[in-house]
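Subject: Structure for you to look at

Hello,

Here is the structure I said I would pass on. Please open it alongside this message; my notes follow below.

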Amino acid sequence: MKTFLSLFAALAFSISFLPAKAQQDKSKRASPPVTVSETINGGATLTINYSQPSVKGRTIGKDLEPMPGKVWRAGANEATTFEASQDVRIDGKALPAGKYALFMIDNGSEWTVIFNKKWNTWGAYDYGKNKDEDALQLNVKAGKAPSFAEKLTYTIDKNGRVSLLWGDKQVAFTVK
């Protein structure tokens, strides 16, 4: 009986441990992690870490985030993070060096871009509790992407232009 209980305990541990181990390999997720980084004119290094969902025939704003008027994690899975190696100005507004959760709100032709100090969070679920941790909010014009982006993509160019391309949408801001 003692051997049976030991065997049962070992089996139960293995069953509970294996799924947790599999989840650690984030590259196997449906929305895998991606990092984009660039040292811009002026010397600041900008890094965006996000999980990259695919449209897969769904409709953005209906079947797929962002939903109009709702806070979005600007990616999938954990909150997207934006990191600046030194103090910067984003569309003329100051943002201290550091790591931030990057959230967005689709308001149609104008989007709200939010940099929140609570970067280590899952999605945007806790944003309501952490609103007072916003380091910066700005409104930017949304435009049409040059071509349809099946996968959510961020780009950063040497001049500090940061762009989100998602479906037929493009949202951009400039970092100096």
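In these notes, contact means heavy atoms within 4.5 Å. By that rule, and not counting residues up to four places away in sequence, Tyr154 touches Val36, Ile48, Tyr50, Ala74, Thr80, Leu102, Met104, Ser163 and Leu164. Please keep in mind that this is a predicted model.

Overall layout

The protein has 2 helices and 10 strands. Along the sequence they follow the pattern α-β-β-β-β-β-β-β-β-α-β-β. Of its 176 residues, 39% count as buried. Taking contacts between residues at least 6 apart in sequence, 54% join residues at least 24 apart. The exposed area is about 9,800 Å², and carbon and sulfur atoms supply 54% of it.

Strand β4

I spent some time on β4, which covers residues 76–84. This strand is largely enclosed by the rest of the structure, because 7 of its 9 residues are buried. It pairs with strand β2 (residues 45–51) in the antiparallel sense, over 5 bridges; within that part of the model, Asn49 has Thr81 of β4 as its bridge partner. Strand β7 (residues 98–107) also runs antiparallel to β4 and is joined to it by 5 bridges. There, Phe82 has Tyr100 of β7 as its bridge partner.

Thr80

Thr80 is found in β4. Is Thr80 buried or exposed? It is buried, with a relative accessible area of 0%. A polar atom of the Thr80 side chain lies 2.9 Å from the backbone oxygen of Arg73. Leaving aside neighbours within four places in sequence, Thr80 is in contact with ten residues' worth of surroundings that include Ile48, Asn49, Tyr50, Tyr100, Ala101, Leu102 and Tyr154.The cores

In soluble globular proteins, nonpolar side chains tend to be buried together. The largest nonpolar core here has 34 residues, of which Phe82, Ile90, Met104, Phe115, Tyr154 and Phe173 touch the most other members. At least two residues of this core come from each of β2, β4, β5 (88–90), β7, β8 (110–116), β9 (134–156) and β10 (161–174). Strand β9 gives the most, with 6 residues. A second, separate core has 7 residues, including Ala101, Phe103, Ala124 and Tyr127.

Best regards

Terms used
Residues numbered from 1 in each chain as written. Predicted model: local features only at pLDDT ≥ 70, side-chain atom pairs only at ≥ 80, totals over all residues. Heavy atoms only, no water. Helix = DSSP H or I, 4+ residues; strand = E, 2+ residues; numbered from the N terminus. Buried < 20%, exposed > 50% of the residue type's maximum accessible area, 1.4 Å probe, protein only. Polar contact = N/O pair within 3.5 Å; in protein donor to acceptor, adjacent residues only side chain to side chain. Pairing = 2+ DSSP bridges. Core = buried A, V, L, I, M, F, W, Y, C linked by side-chain atoms within 4.5 Å. Areas by Shrake-Rupley, 256 points an atom, 1.4 Å probe, with all protein chains shown as cover.
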